[in-house]
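Ready for a few exercises at the screen? Please open the structure, try each task yourself, and then compare your steps with the worked solution.

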Amino acid sequence: MPGTAITKSVVANEPAGRKREEIFVDIIEKISITFSSSGYILTSEIDGTIQMKSYLTGNPEIRLALNEDLSIGSGGGSIYDYGGSSGSGAVILDDCNFHESVHLDSFDIDRTLTLVPPDGEFPVMNYRITQEFKPPFRINALIEVAGSLKAEVILKIRAEFPSNITANTVAVQMPVPAYTSRVSFEMEPGAVGQTTDFKESNRRLEWSLKKIAGGSECTLRAKLTLSQESHANITKEAGPVSMTFTIPMYNPSRLQVKYLQIAKASKSYNPYRWVRYVTQANSYVARI
């Protein structure tokens, strides 16, 4: 499963060689968006999972509370004005399914899941959302003829999430006309942690960014040398732009684990609880 660096648990040992009592809950959302050439959202979808990994001895019962206003079945609404991993407003899932260990006795009443976690890592719940949501990145791409046997590409990406959140391992790709013979790149002054490449075998520009802070914008210019004149609209011979990324502590759906309750074996029993959110690109595409 992608994103194992996010979901992989590290078990610390207590003194005297005892295993530390802890439980990890990861809310992982993989988003798919297609933008039109003018920036409108054509399709959008979230494929989410609540993943659990338990290192609790004795397999105690666990109660996991989700948003009380969670509803299942498309409501046709929009969460487009949503801006982070907290906030109010209903969360509408198109559909969802649960692990066989999950008891749903009180789910319809207070959106609480009860389970005795099996050993190892497992998905507590999978869900899908097709409501429109605020995209974490906006992509602007332009290609135009810049003289005889020359063209220029301008790529801009803007992070639309809060400034206290940082995306990492960001990669942008864009196919260019098949008769592109050479490319020179021009990054913004002071750009750090960015690399560029032109893959001649499949005529594709690649732009990698180690991290992008919320609210910031990054621009790349590429000057193309062409082996022949473009006889058609050069825009039709390039693109679309695609993007991959990982954004820790951010989830566009607004689904939240409100609390994680563990049945106590004794008054002194207080295991470590870790609840983490991460968003990853599944198919993030902008037409030119």
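The exercises below go from the whole chain to single side chains, and the model they use is a predicted one.

**Exercise 1. The chain as a whole**

Task: Describe the protein chain by its helices and strands, its buried share and its contacts.

Solution:
- Step 1: Start with the secondary structure, where you should find two helices and 21 strands.
- Step 2: Turn to burial: 45% of the 288 residues count as buried.
- Step 3: Look at the accessible surface, which comes to about 14,100 Å², with 48% of that belonging to carbon and sulfur atoms.
- Step 4: Take the contacts between residues at least 6 apart in sequence; 76% of these join residues at least 24 apart.

**Exercise 2. A sheet of four strands**

Task: Work out the strand order of the open sheet of four strands, and find which strands are its edges.

Solution:
- Step 1: Follow the pairing across the sheet, and the order reads β8-β9-β3-β20, with antiparallel pairing.
- Step 2: Check the ends: β8 (102–103) and β20 (257–262) each pair on one side only, which makes them the edge strands.
- Step 3: Zoom in on β3 (residues 62–66) and β9 (residues 112–115), two antiparallel strands joined by four bridges.
- Step 4: For a concrete residue pair, place Arg 63 opposite Thr 114 of β9.

**Exercise 3. Charged pairs**

Task: Count the salt bridges, then examine the pairs of Glu 121, Arg 111 and Lys 199.

Solution:
- Step 1: With a cut-off of 4 Å between nitrogen and carboxyl oxygen, the count comes to eleven salt bridges.
- Step 2: Glu 121 and Lys 53 form one of them through their side chains, at 3.7 Å from N to O. Glu 121 belongs to strand β10 (residues 121–129) and Lys 53 to strand β2 (residues 41–55), so this pair ties together parts 68 residues apart in sequence. With a relative accessible area of 32%, Glu 121 is partly exposed.
- Step 3: Arg 111 meets Asp 108 in a salt bridge of 3.5 Å, N to O. Here Arg 111 counts as buried at 11% relative accessibility, whereas Asp 108 is exposed at 67%.
- Step 4: Lys 199 and Asp 197 make another salt bridge, with their closest N and O atoms 3.2 Å apart. Both are partly exposed: Lys 199 has 31% relative accessibility, and Asp 197 has 33%.
- Step 5: Shared partners also link salt bridges, joining Glu 45, Asp 95 and Arg 128 into one network.

**Exercise 4. A threonine in a strand**

Task: Which backbone oxygen does the side chain of Thr 49 reach, and is Thr 49 buried or exposed?

Solution:
- Step 1: Locate Thr 49 in strand β2.
- Step 2: Its relative accessible area is 9%, and buried means under 20%, so Thr 49 is buried.
- Step 3: Trace the side chain of Thr 49 to the backbone oxygen of Met 125, at 3.3 Å.

**Exercise 5. Cysteines**

Task: How many disulfides are there, and how accessible are Cys 96 and Cys 218?

Solution:
- Step 1: Recall that a disulfide is a covalent bond between the sulfur atoms of two cysteines.
- Step 2: Require sulfur atoms within 2.5 Å, and the count comes to zero disulfides.
- Step 3: Compare accessibility: Cys 96 is partly exposed at 22%, whereas Cys 218 is buried at 9%.

Note on methods
Residues numbered from 1 in each chain as written. Predicted model: local features only at pLDDT ≥ 70, side-chain atom pairs only at ≥ 80, totals over all residues. Heavy atoms only, no water. Buried < 20%, exposed > 50% of the residue type's maximum accessible area, 1.4 Å probe, protein only. Contact = heavy atoms within 4.5 Å. Areas by Shrake-Rupley, 256 points an atom, 1.4 Å probe, with all protein chains shown as cover. Pairing = 2+ DSSP bridges. Polar contact = N/O pair within 3.5 Å; in protein donor to acceptor, adjacent residues only side chain to side chain.
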